[in-house]
Amino acid sequence: MTPVPGTPRASASTPDTRTARRPVLAAYAVLTAVGALFFLGSFAYPWTNPEDGTIGAAALPRVAGLLLLLIGLALIRQESRTGSVLEGDGHITEDAEHTPEETRALRRKLVLVTAVMVVTALLIPVLGMLPALALMTLYVTASVEKLRWPVALATAGGVLGVSYLLFTVVLRVPLPLGLFDPAVWSTL
């Protein structure tokens, strides 16, 4: 195994003491869990459309979820067996570049973005997939990342437009429409 550039080499007197780092294992476990959830959730949708035999709504989440699950498991195995040394970190477990206040701010951002993702998932049945995704992008770019409003609006609009083109036009994936579903309004 070749050493990562910028990392100290282990000499004969100092053995390589790389061990699995808990934060890295936790991150890989979260990736694995997300992959498993997407994979298992995809079985609620058909693999092909019965009308015309084209790819159904299950194809993308099943394939992507399975790949993420397998990659996550491989990364967990690798980290558990050999540990990791990331380029430039010198196998330091604490980030010395940030003050404790900056570290707390970064952790607050992480918790806030995670909470926003949960709220977005809860809003999907109400607003639909694309509007909920656009609102999440707008909130994260404007409030968390503190981008100027025109930039945040342009980013959210870009995410909405690209998502619409990719999923609705190109892939023809039936996305949840929430209140924008014509079937909801026809029952009133």
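# Exercises on an all-helix model

The protein chain has an accessible surface of about 13500 Å², and 70% of that surface belongs to carbon and sulfur atoms. The model is predicted.

## Exercise 1: The overall fold

Task: State how many helices and strands the protein chain has, and what share of its residues is buried.

Solution.
- Start with secondary structure. The chain has six helices and zero strands.
- Read along the sequence. The pattern is α-α-α-α-α-α.
- Turn to burial. Of the 188 residues, 22% are buried.
- Finish with contact range. Take the contacts between residues at least 6 apart in sequence: 60% of them join residues at least 24 apart.

## Exercise 2: H1 against H2

Task: Determine how H1 and H2 are oriented to each other, and which residues form their contact.

Solution.
- Take the geometry. Helix H1 spans residues 22-41, and its axis lies 7 Å from that of H2, at an angle of about 155 degrees.
- Apply the cut-off. Angles over 145 degrees count as roughly antiparallel, so H1 is roughly antiparallel to H2.
- Add the hand. H1 crosses H2 in a left-handed sense.
- List the contact. H1 contributes Val24, Leu25, Tyr28, Ala29, Leu31, Thr32, Val34, Gly35, Ala36, Phe38 and Phe39. H2 contributes Pro61, Arg62, Gly65, Leu66, Leu68, Leu69, Gly72, Leu73, Leu75, Ile76, Glu79 and Ser80.
- Sort by type. The contact of H1 with H2 holds 16 nonpolar, five polar and two charged residues.

## Exercise 3: Two residues of H2

Task: Classify Ile76 and Leu70 as buried, partly exposed or exposed, and place each relative to a residue distant in sequence.

Solution.
- Locate Ile76. It sits in helix H2, residues 59-82.
- Check the accessibility of Ile76. Its relative accessible area is 23%. Buried requires under 20%, so Ile76 is partly exposed.
- Find the partners of Ile76. Leaving out residues up to four places away in sequence, Ile76 touches Leu25, Tyr28, Ala29 and Thr32.
- Gauge one pair. Ile76 and Ala29 are 47 residues apart in sequence, and their C-alpha atoms are 7.1 Å apart.
- Locate Leu70. This residue also belongs to helix H2.
- Check the accessibility of Leu70. The value is 47%. Exposed requires over 50%, so Leu70 counts as partly exposed.
- Gauge its pair. Leu70 and Ala36 are 34 residues apart along the chain, with 9.1 Å between their C-alpha atoms.

## Exercise 4: H3 against H4, seen from Thr120

Task: Decide whether Thr120 is buried or exposed, and describe the packing of H3 and H4.

Solution.
- Place the residue. Thr120 is in helix H3, residues 100-127.
- Apply the cut-off. Thr120 has a relative accessible area of 10%. The limit for buried is under 20%, so Thr120 is buried.
- Name its neighbours. Beyond residues up to four places away in sequence, Thr120 touches Ala132, Leu133 and Met136.
- Take one distance. Thr120 and Met136 are 16 residues apart along the chain, and their C-alpha atoms are separated by 6.4 Å.
- Step back to the helices. H3 and H4 pack at about 155 degrees, with axes 8 Å apart. They are therefore roughly antiparallel to each other.
- Add the hand. H3 and H4 cross in a right-handed way.
- List the contact. On H3 it is made by Lys109, Leu112, Val113, Val116, Met117, Thr120, Leu123, Ile124 and Leu127. On H4 it is made by Met129, Pro131, Ala132, Leu133, Leu135, Met136, Tyr139, Val140 and Val144.
- Sort by type. The contact of H3 with H4 has 16 nonpolar residues, one polar and one charged.

## Exercise 5: H4, the loop and H5

Task: Describe how H4 and H5 cross, and say what is notable about phi at Lys146.

Solution.
- Take the geometry. The axes of H4 and H5 come within 8 Å and cross at roughly 150 degrees. H4 is therefore roughly antiparallel to H5.
- Add the hand. This crossing of H4 and H5 is right-handed.
- Sort the contact of H4 with H5. Its residues are 13 nonpolar, five polar and no charged.
- Move to the loop. Lys146 lies between helix H4 (129-144) and helix H5 (149-170).
- Check the accessibility of Lys146. At 64% relative accessible area, Lys146 is exposed.
- Read the backbone. Lys146 is not a glycine, yet its phi is positive, about 60 degrees.
- Set the background. Most residues other than glycine have a negative phi.

Notes:
Residues numbered from 1 in each chain as written. Predicted model: local features only at pLDDT ≥ 70, side-chain atom pairs only at ≥ 80, totals over all residues. Heavy atoms only, no water. Helix = DSSP H or I, 4+ residues; strand = E, 2+ residues; numbered from the N terminus. Buried < 20%, exposed > 50% of the residue type's maximum accessible area, 1.4 Å probe, protein only. Contact = heavy atoms within 4.5 Å. Axes fitted to C-alpha atoms, helices over the stretch in contact; angles between N-to-C directions. Parallel < 35°, antiparallel > 145°, perpendicular 65-115°, else oblique. Left-handed = near helix turned anticlockwise from the far one by under 90°. Nonpolar A, V, L, I, M, F, W, Y, C, P; charged D, E, K, R; others polar. Areas by Shrake-Rupley, 256 points an atom, 1.4 Å probe, with all protein chains shown as cover.
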